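Let's take a walk through a protein chain together, one step at a time. Have a look at the picture and keep it beside you as you read.

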Amino acid sequence: MHGITFGCMWVASVDFAAVVSPREWATTFQTILTAFLSCLGAGSGPILGGWVVAQFGFVVLWRLAAGIVAGLAVVHGAMMLCGMGHDAFLKSVKAELPNRSIDDPPAMVDSNQGVADNANEEELACEPLLGCDPNSCRQDE
């Protein structure tokens, strides 16, 4: 069950980061998301958990974890009842970004011109790295 829910959470998190971030910062937001989960969460969890086990034992660790999850569930439920849950947040994001949707691809970055909204992958691939003229690489000729 963990594999399925973790996979769903990760896909939703990456999509969410892409939607709420400005187009030119989409990959940066996804990198920050990965850093928090992989570095901060996966790094501090075993250290803190190991310290709790060494000082107090496994029973205290599991009770502490259950208490944290129960407390977060209560806070989440209270926020939902007060209209401050994820639905309200998504509505506010949609209001701020009316022209963006989850289906919009992130912006492609051209090293010469900054962010190019409607850039072609072929155009960006052939420019500075191959040393060719961008006009000679276009496929529409």
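Before we start, one term will help: a residue is called buried when its relative accessible area is under 20%, exposed when that area is over 50%, and partly exposed in between. Keep in mind too that this is a predicted model.

Let's begin with the overall plan. The chain contains 5 helices and 2 strands. If you follow the sequence from start to end, these elements come in the order α-α-α-α-β-β-α. How much of the chain is buried? Of its 141 residues, 13% are buried. The accessible surface adds up to about 10600 Å², and carbon and sulfur atoms provide 67% of that area. Contacts tell us something about how the chain meets itself: among those with a separation of 6 or more, 37% join residues that are 24 or more positions apart.

How far can we trust what we see? The mean pLDDT of the chain is 76, with 67% of the residues at 70 or more. Confidence is highest in helix α3, residues 58-81, where the mean is 94. The lowest value belongs to strand β1, residues 108-110, with a mean of 47. Around that strand, the pLDDT stays below 50 over residues 108-130, although this stretch still has 28 contacts in the model beyond near neighbours in sequence. Where pLDDT is low, the predicted coordinates should not be read in detail.

Now find helix α1. Its 19 residues span 26 Å from the first C-alpha to the last, close to the 27 Å expected at 1.5 Å a residue. Which residues of α1 are buried? They are Ser 13, Ala 17, Ala 18 and Val 19. These buried residues pack against two other helices, α2 (26-56) and α4 (86-96). One residue to look for in α2 is Ile 32. With 42% relative accessibility, Ile 32 is partly exposed. Its C-alpha lies 9.3 Å from that of Ala 17, and 15 residues separate the two in sequence.

Next, look for aromatic rings. A pair of aromatic rings is described by the distance of the centres and the angle of the planes. How many aromatic pairs does a search of the whole structure find? There are 2. One of them joins Phe 6 and Trp 10, which are stacked, with 6.4 Å from centre to centre and 10° between the planes. Phe 6 and Trp 10 are 4 residues apart in helix α1 (residues 2-20), so about one helical turn separates them. Phe 6 is partly exposed, at 37% relative accessibility, and Trp 10 is partly exposed as well, at 24%.

The other pair is made by Trp 51 and Phe 56, in an edge-to-face arrangement: the centres are 5.9 Å apart and the planes form an angle of 80°. Is Phe 56 buried or exposed? Its relative accessibility is 51%, and exposed means over 50%, so Phe 56 counts as exposed.

Our last stop is the cysteines. A search of the whole structure finds 0 disulfides. Two cysteines you can look up are Cys 8 and Cys 82: Cys 8 is exposed, at 52% relative accessible area, and Cys 82 is exposed too, at 58%.

Technical notes: Residues numbered from 1 in each chain as written. Predicted model: local features only at pLDDT ≥ 70, side-chain atom pairs only at ≥ 80, totals over all residues. Heavy atoms only, no water. Phe/Tyr/Trp six-rings, centres within 6.5 Å; stacked < 30°, edge-to-face > 60°. Buried < 20%, exposed > 50% of the residue type's maximum accessible area, 1.4 Å probe, protein only. Contact = heavy atoms within 4.5 Å. Areas by Shrake-Rupley, 256 points an atom, 1.4 Å probe, with all protein chains shown as cover. pLDDT = per-residue confidence, 0-100. Disulfide = S-S within 2.5 Å. Expected span 1.5 Å × (residues − 1).
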